[in-house]
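The exercises below are meant for a reader who meets this structure for the first time. Each one sets a task and is followed by a solution that goes step by step.

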Amino acid sequence: MSDISIPVPERFLNKAYLDVIHTQESEQCCVFAASALKDMQSIAERGYPDEICGLLVGAANTDGWQVVDVRQVTNINEERAADRFQLDPAGYQSVDSELRGSGKEIIGVFHSHPDCPAKPSPTDLTSAWEGFVYPIVSVVQGSVAEVHCWVLTDDAQMGGKFQKLPHHT
Ligand SMILES: [Zn+2]
């Protein structure tokens, strides 16, 4: 983590952006294996200034989520805007098949926000699934500035919003 101040583009202050975030934090928690958190941050820094994305591998239960590993997956969005990403479906399928029978599963999707806060955008909301964890890694000038994890309060089609999910290693 660095002490670099995080730029806040105008759109992050718009109602549309503020509306995707629930005011209360989740009472659940996301626990990362130290190596998984480090790998996720390295992937985000290596990809800078492009937006990267990948999958969280681990297990979920009623207390929350345990991340044991992360896998980078190609971002097939060619515009590479700071609030857009699209996971390569083939990459998803390949990790999913590999995990079959391992007792581990895909439990979330991470992506980076180059030179932007680690807050979800309206676009992030439209592609999010209930039950998945969505870490966002803010990378400023090539270094990780902050990481926040997000979960949906409800299905996005049902008016669900992102709730900040505390995380630790
Ligand atoms: Zn985003």
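**Exercise 1. Place Gln 28 in the chain and decide whether Gln 28 is buried, partly exposed or exposed.**

Step 1: Gln 28 is found in the loop between α1 (15-18) and β1, where helices (H or I, at least four residues) and strands (E, at least two) are DSSP runs numbered from the N terminus. Residues are numbered from 1 along each chain as its sequence is written. This is a predicted model, in which local features need pLDDT of at least 70 and side-chain atom pairs count only at pLDDT 80 or more, while totals for chains, interfaces and linings use all residues.

Step 2: A residue is buried if 20 or more other C-beta atoms, placed from the backbone, lie within 10 Å of its own, exposed if 12 or fewer, and partly exposed in between. Because Gln 28 has 17 C-beta neighbours inside 10 Å, Gln 28 counts as partly exposed.

Step 3: Two residues are in contact if their C-beta atoms, placed from the backbone, lie within 7 Å. Not counting residues up to four places away in sequence, Gln 28 touches Asp 63, Gly 64 and Leu 165. Gln 28 and Ser 42, by comparison, are 14 residues apart in sequence and 26 Å apart in space, C-alpha to C-alpha.

**Exercise 2. Do the same for Glu 130: where is its place, and which residues is Glu 130 in contact with?**

Step 1: Glu 130 has its place in the loop between α4 (122-126) and β5.

Step 2: Glu 130 counts as partly exposed because 13 C-beta neighbours lie inside 10 Å.

Step 3: Leaving aside neighbours within four places in sequence, Glu 130 is in contact with Leu 152, Asp 154, Asp 155 and Gly 160.

**Exercise 3. Work out in which order the eight strands stand in the sheet.**

Step 1: The protein chain has four helices and eight strands, and from the N terminus on its elements run α-β-α-β-β-α-β-α-β-β-β-β.

Step 2: The eight strands form an open sheet in the order β7-β6-β5-β4-β2-β3-β1-β8, with mixed pairing; two strands pair if DSSP finds at least two bridges between them. At the edges stand β7 and β8 (167-168), each with a single partner strand, so one side of each is left without a neighbour in the sheet.

Step 3: Within this sheet, β2 and β3 run antiparallel and are joined by nine bridges.

**Exercise 4. Find which residues have the most contacts inside the largest nonpolar core.**

Step 1: A nonpolar core is a set of buried Ala, Val, Leu, Ile, Met, Phe, Trp, Tyr and Cys residues joined through C-beta atoms within 7 Å. The largest one here has 38 residues, and those with the most contacts inside it are Leu 56, Val 67, Val 70, Val 133, Tyr 134 and Val 137.

Step 2: The elements giving two or more residues to this core include α2 (34-47), β2 (53-61) and β3 (64-73), while β6 gives the most, with seven residues.

Step 3: Val 133, not counting residues up to four places away in sequence, touches Cys 30, Leu 56, Trp 65, Ile 107, Gly 108, Cys 149, Val 151 and Leu 165.

**Exercise 5. Determine how many of the eleven residues of helix α3 are buried.**

Step 1: Helix α3 (residues 89-99) is hardly covered, for the count of buried residues among its eleven residues is zero.

Step 2: In the protein chain, buried residues make up 34% of the 169 residues.
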